[in-house]
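This report introduces a structure to a reader who meets it for the first time. Please view the sequence and the model before reading on.

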Amino acid sequence: MMNSIKNLTYDEMQKWALQKGLKPFVGRQIFEWVFSKNVESTDSMRNIAKNVRNIIEKEGPLSLLELKKHEVNEGDGTEKFLFSCLDGNALESVLIRSAGRNTVCVSSQIGCAMGCTFCRTADMGILRDLSSGEIVEQVIQITRLTHERVTNVVFMGMGEPFNNYQEVIKAATVLNHEKGLNIGARHITISTAGIVPRVREFSHLPYQFKLAISLNAANDEKRNELMPINRRYSLSELLKTAKYYTDVTNKLITFEYVLIDGVNNTQKDAQELIKQLSHIPSKLNIIPFNEIDSKFQRPGERDISTFLSYFEGVNFAVTLRNSGGKGIQAACGQLYHEVLLS
Ligand code: SF4
């Protein structure tokens, strides 16, 4: 991993300062310059002595990403950003605007190893994990480019966040820290395809981050087809762990369900889903599939409404999420770095 003070949390920055023979408060000041005041170079760190700025520079680059492409979907204001990392790899992030919220969907890995059959990122395979600094910088750069405050962050871009657990949790703490980006912990959601041991571990973290599970099927047979991880951690094991999470944290869990025509949108699917989820304090987000070059299709609008009607009277909230940015391939399951960077 690239050395950079941007990969440090608030506590680590103070330890780093001590190791360099500096007072911990200098580490706290640098943390604020980097993450709260959002500076691009050490020259802007006005209260940091020149010799300390030299130490920071020797540590490694302050800027870890470079913007390569920026697209705006005029229809709904969704924006997609293609960044290159310093090693030439590329990643994508998306800004979604809705009801006064600016939500950034961040990537946590370059590519993904999970192989979900409906997801475009899966075609890339896994190239590498992102560092916490590379994850946080996606939000920093989008703030800088749009001049707007980011209110929410979802870890639902490229990659399986729980396959890069340490860096993802570090990034979330920096995003949340009041001297960092100061985004409320309840406005930060981490989504997993279902890495059961990590869900258990996450249940015991002392933070209020939210958890989402990408479910997409209500029985093992269908889920095995859509999400190979289900062969390792079965649906019953995953849902048992989801219940464990809600018991331990006293928080709701969100289930994401990508609705695919003729695959998981029958009345039987809905009934199985209701049976599986009714004992778990949860919310269900139904996301009509976004068509990409694949064998799957989005259901028609009438079929989507019919599927939703099966949930009338259930004891959990059900929301239809038409994920933004379809015109620019920024919607859920469409991220893929198409531009080879020179
Ligand atoms: S849906 Fe998420 S976990 Fe599955 S392959 Fe795509 S990026 Fe990875």
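## Helix packing, sheet and ligand shell

In this predicted model, helix α1 passes helix α2 in a right-handed crossing. The contact involves Y10, M13, Q14, W16, A17 and L18 on the side of α1, and P24, V26, G27, R28, I30 and F31 on the side of α2. Sorted by class, the residues of this contact are 9 nonpolar, 2 polar and 1 charged. Helix α1 covers residues 10-19 and helix α2 covers residues 24-36. Their axes lie 7 Å apart and meet at an angle of about 130°; the two helices are therefore oblique to each other.

The strands form a further element of the model. An open sheet with mixed pairing is built from 10 strands, in the order β1-β2-β3-β4-β7-β8-β9-β10-β11-β12. Its edge strands are β1 and β12, each of which pairs on one side only. On average, and with direction ignored, neighbouring strands of the sheet are turned by 20° against each other. Within the sheet, β7 and β8 pair in the parallel sense over 3 bridges. V154 stands opposite T189 of β8.

The residue ranges of four strands are listed below.

| Strand | Residues |
|---|---|
| β1 | 65-72 |
| β7 | 152-155 |
| β8 | 188-192 |
| β12 | 317-320 |

The ligand is surrounded by 13 residues, of which C112, M114, C116, C119 and A122 come nearest. By class, this shell holds 7 nonpolar, 5 polar and 1 charged residues.

Terms used:
Residues numbered from 1 in each chain as written. Predicted model: local features only at pLDDT ≥ 70, side-chain atom pairs only at ≥ 80, totals over all residues. Near = placed C-beta within 6 Å. Nonpolar A, V, L, I, M, F, W, Y, C, P; charged D, E, K, R; others polar. Axes fitted to C-alpha atoms, helices over the stretch in contact; angles between N-to-C directions. Helix = DSSP H or I, 4+ residues; strand = E, 2+ residues; numbered from the N terminus. Parallel < 35°, antiparallel > 145°, perpendicular 65-115°, else oblique. Left-handed = near helix turned anticlockwise from the far one by under 90°. Contact = placed C-beta atoms within 7 Å. Pairing = 2+ DSSP bridges.
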